[in-house]
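I opened a notebook page for this structure and kept the entries short. They are in the order in which I looked things up.

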Amino acid sequence: MNLEQLRGFTAIADVGHFTRAAEQLHLTQPSLSRQIATLEQELGSELFHRARGNITLTAAGQALLPRARRMLADEESIRTEMADLAGLRRGRVRLGAPPSLCVSLVAEALSIFRTRYPGVQLQMFEAGSHKLLEQLDGGALDLALIVTSEHAVNGSHLENLPLLEEQLVVIDSLEHSHLAGSELDLRALAPVPQLAFAHSYDLRASTAAAYKLAGLVPNIVVEGGEMDAVLRFVQRGLGVAVVPATVALDAPGVRSIALREPLARTIGLAHRRDVSLTRAATAMQHLLSETAAQLAARHGQISYLA
């Protein structure tokens with residue numbers, strides 16, 4: 001069994017088609033088929049159910065897939081680490097984060113990282129914490145920022161560094177204000193026109209749970225928005241939104257209003273314990289921690305935990 005065979009195997013598993021997988025790998029279809037046949041012979045098991053137009057994994061294939069992904073990720077990690085030895089003039093960091101952190105903590109950290117290490121390639125994956133944990137577990141990410149107050153980082157092969165705790169606040173338009181004062185409770189907030197995030201957001205679930213616990217139903221006027229869209233809608237006066245304090249910190253055209261019954265979330269920085277971080281990934285880990293500390297120093301509703 002070799003890495004080329006595993007690359008072919010995972011490519012077919014991803015696209016469900018031998019010819020398309022061969023094209024992705026810049027191989028001929030017969031060459032890829034021979035690789036898989038040799039792999040199956042070595043393992044003593046068929047890996048795919050082969051039906052015209054419908055290639056699916058056998059039980060053996062399903063068992064091999066996560067292991068194959070990890071082996072390929074480890075190989076990439078070794079290559080990257082060797083490049084890192086040149087003093088971070090080269091390398092790669094694969095970072096995952098929820099959208100709410102991409103517009104705040106991550107944006108600041110990446111700006112500094114690019115200045116310090118211009119030769120290091122940055123790959124971003126933006127998703128909810130559940131999906132990020134899957135990507136991290138499968139070896140597709142080096143580091144992932146996780147909302148640990150909503151999703152526990154389980155498993156002996158994953159390590160989590162508590163990074164920060166932040167309050168959730170209400171943002172309102174500066175030009176088209178819906179609210180007066182600098183503080184309010186959920187009961188006063190519920191009837192105000194509100195913008196709700198997509199259901200894939202951890203933030204949507206935590207806000208909905210708080211309303212349910214209080215026996216309240218929010219007045220949602222626009223539903224399903226992504227972070228950038230919701231910020232723009234608030235700015236234009238379509239309604240208010242509940243967001244993390246880091247998002248409100250530098251959002252243009254809006255002001256922040258505290259909640260009397262504080263809602264908070266905890267952010268952790270996770271990575272695989274069984275794969276050594278490359279020098280580039282370690283540099284990113286330290287920089288994210290530094291940036292979190294700086295944000296906490298600027299805002300009383302953010303606490304640094306690392």
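The entries below go from the whole chain to strands, cores and two single residues.

**Entry 1: the whole protein.** I noted before anything else that this is a predicted model. I looked up the secondary structure and found 12 helices and 13 strands. I then took the extent of the C-alpha trace, which spans about 70 × 45 × 35 Å along its principal axes. Of the 306 residues, 47% are buried. I also checked how far apart in sequence the contacting residues are: among contacts with a separation of 6 or more, 75% are between residues 24 or more positions apart.

**Entry 2: surface and charge.** The exposed area comes to about 14600 Å², and carbon and sulfur atoms supply 51% of that. I looked up the charged side chains and found 28 positive and 32 negative. The centres of these two sets lie 4 Å apart.

**Entry 3: strand S6.** Which strands pair with S6, and in what sense? I found nine bridges from S6 to strand S12 (residues 264-272), and the two run antiparallel. Within this pairing, Gln-167 has Ala-264 of S12 as its bridge partner. Strand S13 (residues 302-304) also pairs with S6 in the antiparallel sense, over three bridges. There I noted Ser-303 of S13 as the partner of Glu-165.

S10 is joined to S6 by four bridges, again antiparallel, and Val-169 stands opposite Val-243 of S10. S11 pairs with S6 over four bridges in the antiparallel sense. For Asp-172, the bridge partner in S11 is Arg-255.

**Entry 4: the nonpolar cores.** I looked up the largest nonpolar core and counted 33 residues in it. Those with the most contacts inside this core are Val-170, Ile-171, Leu-179, Leu-189 and Val-243. Elements that each supply at least two residues of this core include strand S6 (158-173), helix H9 (202-213), helix H10 (227-235) and strand S11 (254-259). A second, separate core has 30 residues, and Val-93, Ala-245, Leu-277 and Ile-302 are among them.

I went back to Val-170 and listed its contacts, leaving out neighbours within four places in sequence. The list holds Leu-179, Leu-184, Leu-189, Val-240, Ala-241, Val-242, Arg-255, Ser-256, Ile-257 and Leu-259.

**Entry 5: Met-284.** I found Met-284 in helix H12 (residues 279-298). Is Met-284 buried or exposed? Its relative accessible area is 1%, so I entered Met-284 as buried. Not counting residues up to four places away in sequence, Met-284 touches Val-93, Leu-95, Leu-110, Phe-113, Leu-122 and Leu-143. I took one of these, Val-93, for a distance check: Met-284 and Val-93 are 191 residues apart in sequence, and their C-alpha atoms are 7.6 Å apart in space. Val-93 had already come up in Entry 4 as a member of the second core.

**Entry 6: His-26.** I looked up a backbone angle and noted that phi of His-26 is near 60°, a positive value in a residue other than glycine. Where is His-26 placed? It is in the loop between helix H2 (18-24) and helix H3 (29-43). I entered His-26 as exposed because its relative accessibility is 73%, and the cut-off for exposed is over 50%.

Conventions. Residues are numbered from 1 along each chain as its sequence is written. This is a predicted model: local features need pLDDT of at least 70, side-chain atom pairs count only at pLDDT 80 or more; totals for chains, interfaces and linings use all residues. Side-chain values use heavy atoms; hydrogens and water are left out. A nonpolar core is a set of buried Ala, Val, Leu, Ile, Met, Phe, Trp, Tyr and Cys residues joined through side-chain atoms within 4.5 Å. Buried means under 20% relative accessible area, exposed over 50%, partly exposed in between (1.4 Å probe, protein chains only). Contact means heavy atoms within 4.5 Å. Accessible areas come from the Shrake-Rupley method with a 1.4 Å probe; for residues, only the protein chains shown count as cover. Lys and Arg count as positive and Asp and Glu as negative; His and the chain ends are not counted. The place of a charge is taken as NZ of Lys, CZ of Arg, CG of Asp or CD of Glu. Two strands pair if DSSP finds at least two bridges between them.
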